[in-house]
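Welcome to this short tour. Open your viewer, get comfortable with rotating and selecting, and follow the stops below.

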Amino acid sequence: MSLYMFPKEKLAAFVEALLPNYRVVGPVQTEYGYAFDDIASPEQLQLDYTTTVLPPKKYFLPQREVLFNFSNEADDQGQPHLDVRPVYADVEPTVIFGVHTCDMNGIMLYDKVFAEGYKDEHYAARREQTYVIGIECLRPCDSAAFCKDMGTLTAPPVYDLHMTDVGDYYMVDAGTGRGEQLLLDHVPATMARKEDIQQLGHVLSAKWPNFRMRLKMSKDQTPSLLTLGYRAKLWEELGEKCLACGSCTNVCPTCFCFDVQDELDITMENGARARIWDSCQLREFALVAGGHNFRETKASRVRHRVMRKGKYIKQVHGLLGCTGCGRCERACLVDITIPGTLNALSDEMQLEPGD
Amino acid sequence: MPAKPKVAFFDFTSCEGCQLTIVDLLQTHLGLVNLVEIVQFREAMTEKGEDYAIAFIEGSCTRKSDEDRLRKIREQAAVVVALGACAHLGGVNAMKNRWAIENVQTYVYGEDGKAMYESYEARPISAVIQVDAAIPGCPIDRFEFLHLVQKMLQGRAPKLPDYPLCVECKLKENACLNKLGKPCLGPITRAGCNAICPTYGDGCEGCRGWIPEANFDEMREILRGHGLSDADIDARFTMFNHYQMQHMGDDAPVTTTVSPVKDEPLPTSTFAAPQEEPVR
């Protein structure tokens, strides 16, 4: 695809031009940090932000999403029958600005899980109408980030547009034809010239030393490390500490498990089936009919989460289930972290550090 | 549709705020009266029917004479639901259980008045009668009440969340109060209130009771990290859940005793009104 550029002061005009026809969302300042939220006027958009409590997954897999409405209605003969109507609430053309490369890696995983093989209609409806505009990360969000370890510091091919701040300009890589159209229709962008591309190359090379490595091993070693460490003592120690609060999974850009609940209105004749975020860290997650719980102990649940991040998802979908965004570490009140866990496991298994 | 089940509301030692919440719910969800027939509800109506199938009981049992009334309700009702923290847990009423009842009575009513008011250890109603379901909270969450009624009408067992408030805070993308240095019992408290207090910046006080897996040791460490003394942490752990702590015996995660101590002085209220000057 093509590389474009536009002056940074034109960002406001870009957003302004999108607002009549799109729901525009992006990072905004909150009382204590940043959050992805609706942009009503361009000055709210903060592309130079650190991190958010929730990743942009909420725009693809909302916290609570109604799948269909049902009602108990009488037919022509007066016999009751169940009428079911699918619902695609709030599915509208949406532009998400400011998606960091870690979160784009998260979106890449959702695409594999929800759009390949068995296609999830509700995910697909949102995904098709959503433009992803990435922003190149030039500095780590904070000390919790370990994106460099996880190989998520470059943009994966899920973006429609990807912006890099090169000083006075944004360099914009058009990842899709529709993204290119969106850009050209809404902002006076020009093709990048040779010297601009060289400038971009300089910025992209210069950013790497800003990021530190936190893992004692290569990310490619985590599946085997976790295989070896399945029965490690570490899990018991972490289980003792864990609050089983589910914060780590709820804030995770690659956790997508949900529960399905039926809710009735006041007449009890009509209702809705909704899916709601669920967490493998909660006691009831693996509780089945008959009362058996496959992961009764917190230790087994903590282990399951790390197994998924570092091994299982890789086995099933070909991608590691951790983007190194650091959100779980920021959310945890008892200092359970992915790098800390993998490093401790590596120590316990007495593995040599990888390259 | 089958006949509407007859329901009745009762109150024991409480502020009646949970019943008030239901009165308030009826303003926005009047359709509730199409689902059930309310035959007794002192706070909302004059009629006093004694034929009911579902009894909602607000308040804790704090008097010997309450026991017979509770048993009578239990005999009549097919289903008994504890309504709110007082009935469900004992609630704030049970804070007095730390002191000998005679001292509490003297403290509250004075030497002259204490004989006029019957009182004993505050307990949840489940300590006296079998309770089929509970709606936690101080006060209850109106929508949780509505959902529970609907579940019962469907013949399904009502179920409470057994995960902590943190889940709800995260889904709402609230900033974590504990991360901001503000004490919050959310990590050990049963969800279902949609994290209403933390959403408005107040730390959770545990009114909905503990989750089955409450990690008291780590919760205490978090609160110590905010600079709270162990006595202050004990006070927070026992504010709504004193009765539960009493009945955990030696396993109670408190550093001081929660059982009545005969001679321990009662606290001096920091909210006491200044002595009034006599009017001349």
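Of the 13 residues of α6(A), how many are buried? Keep that puzzle in mind while you get your bearings. What you have on screen is a predicted model, and its scores are ipTM 0.95 and pTM 0.94.

**Stop 1: helix α6 of chain A**

Select residues 194–206 of chain A, which form helix α6. Try a distance from the first C-alpha to the last: the helix reaches 18 Å, close to the 18 Å expected at 1.5 Å a residue for its 13 residues. Now for the puzzle. The number of buried residues in α6(A) is 0, so this helix lies largely in the open. A residue needs 20 or more other C-beta atoms within 10 Å of its own to count as buried.

**Stop 2: the whole of chain A**

Next, select chain A and switch to a cartoon view. You can look for 12 helices and 12 strands. The radius of gyration of chain A is 22 Å, close to the 20 Å given by the globule rule for 355 residues, so the chain is as compact as a globular protein of that length. Turn the chain around: along the principal axes, its C-alpha atoms fill a box of roughly 70 × 70 × 40 Å.

While α6(A) has 0 buried residues, buried residues make up 42% of the 355 in chain A as a whole. Contacts across the sequence are worth a look too. Among contacts in chain A with a separation of 6 or more, 72% are between residues 24 or more positions apart.

**Stop 3: chain B**

Hide chain A for a moment and select chain B. How many helices and strands does chain B have? The count comes to 11 helices and 5 strands. With a radius of gyration of 20 Å, close to the 19 Å that the globule rule gives for 280 residues, chain B is as compact as a globular protein of that length. Its C-alpha trace spans about 60 × 55 × 50 Å along the principal axes.

Of the 280 residues in chain B, 42% count as buried. If you color by confidence, keep in mind that chain B averages a pLDDT of 92, with 94% of its residues scoring at least 70.

**Stop 4: where the chains meet**

Finally, show both chains together and select the residues in contact. Chain A contributes 27 residues and chain B contributes 24. On the side of chain A that touches chain B, color by residue type to find 16 nonpolar, 6 polar and 5 charged residues.

Key: Residues are numbered from 1 along each chain as its sequence is written. Chains are lettered from A and ligands numbered from 1 in the order in which they are written. This is a predicted model: local features need pLDDT of at least 70, side-chain atom pairs count only at pLDDT 80 or more; totals for chains, interfaces and linings use all residues. Helices (H or I, at least four residues) and strands (E, at least two) are DSSP runs, numbered from the N terminus. The radius of gyration is taken over C-alpha atoms; the globule rule is 2.2 Å times the number of residues to the power 0.38. A residue is buried if 20 or more other C-beta atoms lie within 10 Å of its own, exposed if 12 or fewer, and partly exposed in between; C-beta atoms are placed from the backbone. Two residues are in contact if their C-beta atoms, placed from the backbone, lie within 7 Å. The expected span of a helix is 1.5 Å times one less than its number of residues. pLDDT is the predictor's confidence in each residue, from 0 to 100. Ala, Val, Leu, Ile, Met, Phe, Trp, Tyr, Cys and Pro count as nonpolar, Asp, Glu, Lys and Arg as charged, and the others, Gly among them, as polar.
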